[in-house]
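Reader: I have a protein chain on my screen and want to learn how to read it. Can we go through it step by step?

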Amino acid sequence: MAYDLGALIHDLEMQLPHASDPTAAVQCVAHALKPLLSNRHLFDGDFAQALLAGDTDGRIYTSPQGFFVQVFAWPVGCATPIHDHLTWGVMGIYHQQLQIIEYQKVPGEQPGTFDLQESDRYLAQPGMISAVIPPSDEIHHVSNPGPHPAFSIHVYGQELERYHVFDLEQGEVRIAGTGS
Ligand SMILES: [Fe+2]
């Protein structure tokens, strides 16, 4: 039987309590998520359309442990702001491709300030895994450059109640999230 979302959730519930830190959690999730990305029947066309239309947020599962699993749809041209998460996260590319730009904080000109420096930029293809691990590897920008809608599957360590959005042009940081 093909590895499906139910099997992923079961494996994460069993394995994540043994992850000693965010890096171990990300490795655990990446290992479990990888085989899911080659299953062409994770969800049907109606669910895909509802995702693209914004009629569902794609949340598949919320664990008593705190992690959650969510499917994201990315219409052509869709882009996040530059943001962090303040928790670990793993994104698996399921269908079509996404551009991912990663940033690192570097000391700013004024004491106590920082700038963002691009550290990586790539087109993530189906089957690829991208992770964020706080506090040093968690700032990124994700977009769909087209020409087709894309889908990805995400697992986050906890609810995104509070995280940062970075505006490079204005040099500003603001707080975002479900709890803000
Ligand atoms: Fe993100």
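Author: Here are some short questions and answers on this predicted model.

Reader: How many helices and strands does the protein chain have?
Author: Start at the N terminus. The order of elements reads α-α-α-β-β-β-β-β-β-β-β-β-β-β. The count for the protein chain is three helices and 11 strands.

Reader: In what order do the five strands of the open sheet stand?
Author: The pairing in this sheet is antiparallel. The twist from one strand to the next averages 20°. The five strands stand in the order β1-β2-β9-β4-β7.

Reader: Which strands stand at the edges of that sheet?
Author: Look for strands with a single partner. One side of such a strand has no neighbour in the sheet, so it is an edge. The two are β1 (59-62) and β7 (129-132).

Reader: Which residue in β7 is the bridge partner of Met91?
Author: Strand β4 covers residues 89-95. Four bridges join β4 to β7, and the two run antiparallel. In β7, the partner of Met91 is Ser130.

Reader: Which helix packs on the sheet?
Author: Follow the contacts. The helix touches β4, β7 and β9 (150-156). Its direction makes about 15° with that of β4. It is α2, residues 22-33.

Reader: What is the radius of gyration of the protein chain?
Author: The C-alpha trace spans about 55 × 40 × 30 Å along its principal axes. With 180 residues, a compact globule would have a radius near 16 Å. The protein chain agrees with that, at 16 Å.

Terms used
Residues are numbered from 1 along each chain as its sequence is written. This is a predicted model: local features need pLDDT of at least 70, side-chain atom pairs count only at pLDDT 80 or more; totals for chains, interfaces and linings use all residues. Side-chain values use heavy atoms; hydrogens and water are left out. Two strands pair if DSSP finds at least two bridges between them. Axes are lines fitted to C-alpha atoms, for helices over the stretch in contact, and angles run from 0 to 180 degrees between N-to-C directions. Contact means heavy atoms within 4.5 Å. The radius of gyration is taken over C-alpha atoms; the globule rule is 2.2 Å times the number of residues to the power 0.38.
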